[in-house]
Amino acid sequence: MSLVTKQAPLFKEISVVGKEFKDVSLESYRGKWVVLFFYPLDFTFVCPTEITALSDAAPEFAKRNAQIVGVSTDSKFSHLAWINTPRTEGGLGEISYPLVADFTKKISEDYGVLLPEGMALRATFVIDPEGVVQFELIHALGIGRNVDEVLRSLDALQFVAKHGEVCPAGWTPGKDTMIPDPEKKKEFFKKNPAGHQS
């Protein structure tokens, strides 16, 4: 069952923040957007490409009042060892957001992403400032996330929340939106006779 439109399951768990162990609570981010992502395992292959790409894009998320939080079922010690491993050797180096150690697997289970093998699927959740899940994307382990698409989805969610208009296929900031009304929607289609924006 999807979590979209439901309150995000709360958690408070030990995490690596910078190079220190600290408790991270989802509730502490209330009032901000949260991009919560799950990945399978430390010291693997696709995972460091996603984690470092999200870290490098953290200033863009910060401009949007969004906090990134990463979660896997590894221990805090494994997270720290991976952060202490240089990127050139498949490590993370320094990253700019918390990595939560879901060692009990409860968070992954609460979000519906825990595999029988004991690791999480690749999953991305966008949670609004009131703590409601507005977006989720869950997929197989072999493909990495596209950070630009996560940002685009966040932009669209924020636009809809602020303006009450809806965003058509492939929407990016500055492109036409649509008024969700049977008559007023026609304005969009008059400007975009193909039915979408290219």
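**Around C47 and into the cores**

C47 sits in helix α1, and that's a handy place to start walking through this predicted model. UniProt, in an unreviewed entry, lists C47 under "active site"; an annotation of that kind may be inferred rather than shown by experiment. Is C47 buried or exposed? Its relative accessible area is just 1%, and since buried means under 20%, C47 counts as buried. Skip the residues up to four places away in sequence, and what C47 touches is Y39, P40, L41, W82 and R122.

Another cysteine, C167, comes out as partly exposed, at 24% relative accessibility. As for disulfides, the count is zero, going by a cut-off of 2.5 Å between cysteine sulfur atoms.

Now for the nonpolar packing. The largest nonpolar core has 27 residues, and I51, F61 and Y97 have the most contacts inside it. Which elements each supply at least two residues of this core? On the strand side they are β3 (33–38) and β4 (66–72); on the helix side they are α1 (47–56), α2 (58–63), α3 (76–83) and α5 (147–163). So α1, the helix where C47 is found, is also one of the contributors here. The most comes from α5, which gives five residues.

Y97 is worth a closer look. Leaving out neighbours within four places in sequence, Y97 is in contact with V16, F37, I51, L54, S55, Q67, I68, V69 and G70. One of those partners, I51, is itself among the residues with the most contacts inside the largest core. Another partner, V69, belongs to a second, separate core of 20 residues, which also includes L26, V100 and I127.

Key. Residues numbered from 1 in each chain as written. Predicted model: local features only at pLDDT ≥ 70, side-chain atom pairs only at ≥ 80, totals over all residues. Heavy atoms only, no water. Core = buried A, V, L, I, M, F, W, Y, C linked by side-chain atoms within 4.5 Å. Buried < 20%, exposed > 50% of the residue type's maximum accessible area, 1.4 Å probe, protein only. Helix = DSSP H or I, 4+ residues; strand = E, 2+ residues; numbered from the N terminus. Contact = heavy atoms within 4.5 Å.
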